[in-house]
Amino acid sequence: MTEQCNAIVATAPGGPEVLQLTRVPIPVPGPGEVLVKIAAVGVNFIESYQRSGIYPVPFPFTPGAEAAGTILSLGPGVKSFDVGDRVATAEGIGCYAEYAIFPADKALPVPAGVPLDVAAALPLQGMTAHYLMNSTYHVEPGQNVLVHAGAGGVGLLLTQMLKEREARVITTVSTDEKEELSRAAGADDVLRYADFAATVRELTDGDGVDVVYDGVGKDTFDGSLASLRTRGTLVLFGGASGQVPPFDLQRLNAGGSLTVVRPKLGDYLLNAKERLWRSTSVFDAAASGHLAARIGARFPLAEAGSAHTALQGRVTTGKVILEP
Ligand code: NDP
């Protein structure tokens, strides 16, 4: 009989309640794959878009691209890892489960000294923060940067990495608790969302910021454009409040020759060299104490739906993880 394990399966798109704990066969690693016993799963906003049907995926669907654990078996041809190695990934398949397959070329060795729950909390949001500030727009020391949702998963990591770069970081948050966390991560100024563009101008002597990192989307987009200096860049990397509707490109001209870019992580992990650069930077910074991953909430695997409710309900800070 095929051995079975617990996994979260959604049979159709819908609300958090479609995420049901289900018995499924333990997957078998194919060529170039490894089977991993999952210690912790990173929950990411994209999974709520996939679950609800905003980003189309085939159903039945097991969400989860990010996790960390220990290799149990190797598929044919895998030479780069051994059974027992500790690995993480931001590009796994069906990681909301007790056992999951990682493509070996997308598995990241977890350095000694980094616990597996931290290893599950870092790769996706950490490599996102890395590409946003190094590759989508290269932030220089002394530049003014606005980061929305400063106490969120990406927000806390991006703020710390921007401060290491010696940029001036302004963030937005919705509560006093989040303000405290954002300041502790190094933010110079922490704002509420109301009239943030006007405050950003005051804080920058009327100039505006060089770059805005906006993962909130619909609710902040207009204010983000209004916060930019002439020839500034809006990096729209998510839509936690909803997707931004189509807009008139002429607004970029009127706003001062602005740039808007809409990047995604997969396009910044194009090959092994790029993946190694980003993952090593993030894990080394964590191992040396220069980057702290805040695990703001832990849920048992069976409560994946509650994890989505919390993330979408704006009550989480830092990283949300599932523990099988
Ligand atoms: P967060 O931990 O940042 O959670 C989202 C935060 O957005 C909330 O905590 C909340 O913070 C803020 N927010 C503002 N308005 C709303 C709203 N109406 N509903 C819910 N949240 C709101 O999530 P992540 O760090 O995982 O992701 C942040 C964004 O980055 C997401 O949009 C995600 O899709 C995107 N992303 C994009 C990637 C890419 O490569 N393009 C990769 C990874 C993430 P507050 O209460 O302080 O406002």
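This passage describes the domains, sheet, nonpolar cores and aromatic pairs of a predicted model.

The domain assignment of the chain gives domain 1 (4-122 + 293-323) and domain 2 (125-266). The C-alpha centres of domain 1 and domain 2 are separated by 28 Å, and the contact between them involves 17 residues of domain 1 and 19 residues of domain 2.

An open sheet is built from 6 strands, arranged in the order β10-β9-β8-β11-β12-β13 with parallel pairing. Its edges are formed by β10 (189-191) and β13, each of which has a single partner strand, so one side of each is left without a neighbour in the sheet. From one strand to the next, the twist averages 15 degrees. Helix α6 (residues 196-203) packs on this sheet and touches β8 (144-147), β9 (168-172), β10, β11 (209-214) and β12, while the direction of α6 makes about 160 degrees with that of β10. At the β13 edge, β12 and β13 are joined in the parallel sense over 3 bridges, and within β13 the residue V260 is the bridge partner of L234.

A further strand pairing involves β6 (residues 99-103), which pairs with strand β3 (residues 33-43) in the antiparallel sense over 5 bridges. In this pairing, P103 of β6 is the bridge partner of E33. Strand β6 is mostly covered, with 5 of its 5 residues buried. The cover extends to both faces of β6, since Y99, I101 and P103 on one side are buried, as are A100 and F102 on the other.

The largest nonpolar core comprises 45 residues, of which L122, L132, V139, V145, L158, L162 and Y213 touch the most other members. At least two residues of this core are supplied by each of α2 (116-121), α3, β8, α4 (153-164), β11 and α9, and the greatest contribution is that of α3, with 6 residues. Domain 1 (4-122 + 293-323) and domain 2 (125-266) both give residues to this core, so the core lies between them. Within the chain, and not counting residues up to four places away in sequence, L122 touches E66, M127, L157, V282, F283, A286, L291 and A293. Apart from the largest core lies another core, of 29 residues, among them I38, V41, I71 and A297.

One of the residues touched by L122 is V282, which is found in helix α9. V282 has a relative accessibility of 2% and therefore counts as buried. When residues up to four places away in sequence are not counted, V282 touches L122, G126, M127, H130 and L291. For V282 and H130, which are 152 residues apart along the chain, the separation of the C-alpha atoms is 7.6 Å.

A search of the whole structure for aromatic pairs finds 5 of them. Y131 and Y268 form a stacked pair, with 4.3 Å from centre to centre and 10 degrees between the planes. Y131 lies in helix α3 (residues 123-136), whereas Y268 lies in the loop between β13 (259-261) and α9 (272-287), so this pair ties together parts that are 137 residues apart in sequence. Y131 and Y268 are both buried.

The rings of F221 and F247 have centres 5.1 Å apart and planes at 80 degrees, so this pair is edge-to-face. F221 belongs to helix α7 (residues 221-226) and F247 to the loop between β12 (228-236) and α8 (250-254), so the parts that the pair ties together are 26 residues apart in sequence. The two residues of the pair are assigned to separate accessibility classes: F221, at 4% relative accessibility, counts as buried, whereas F247, with a relative accessible area of 26%, is partly exposed. Elsewhere in the chain, F45, Y49 and Y55 are linked into a cluster by ring pairs.

How values were computed:
Residues are numbered from 1 along each chain as its sequence is written. This is a predicted model: local features need pLDDT of at least 70, side-chain atom pairs count only at pLDDT 80 or more; totals for chains, interfaces and linings use all residues. Side-chain values use heavy atoms; hydrogens and water are left out. Rings of Phe, Tyr and Trp (its six-membered ring) pair if their centres lie within 6.5 Å; planes under 30 degrees apart count as stacked, over 60 as edge-to-face and the rest as tilted. Helices (H or I, at least four residues) and strands (E, at least two) are DSSP runs, numbered from the N terminus. Buried means under 20% relative accessible area, exposed over 50%, partly exposed in between (1.4 Å probe, protein chains only). Two strands pair if DSSP finds at least two bridges between them. Axes are lines fitted to C-alpha atoms, for helices over the stretch in contact, and angles run from 0 to 180 degrees between N-to-C directions. Contact means heavy atoms within 4.5 Å. A nonpolar core is a set of buried Ala, Val, Leu, Ile, Met, Phe, Trp, Tyr and Cys residues joined through side-chain atoms within 4.5 Å. Domain bounds come from an automatic or database domain assignment.
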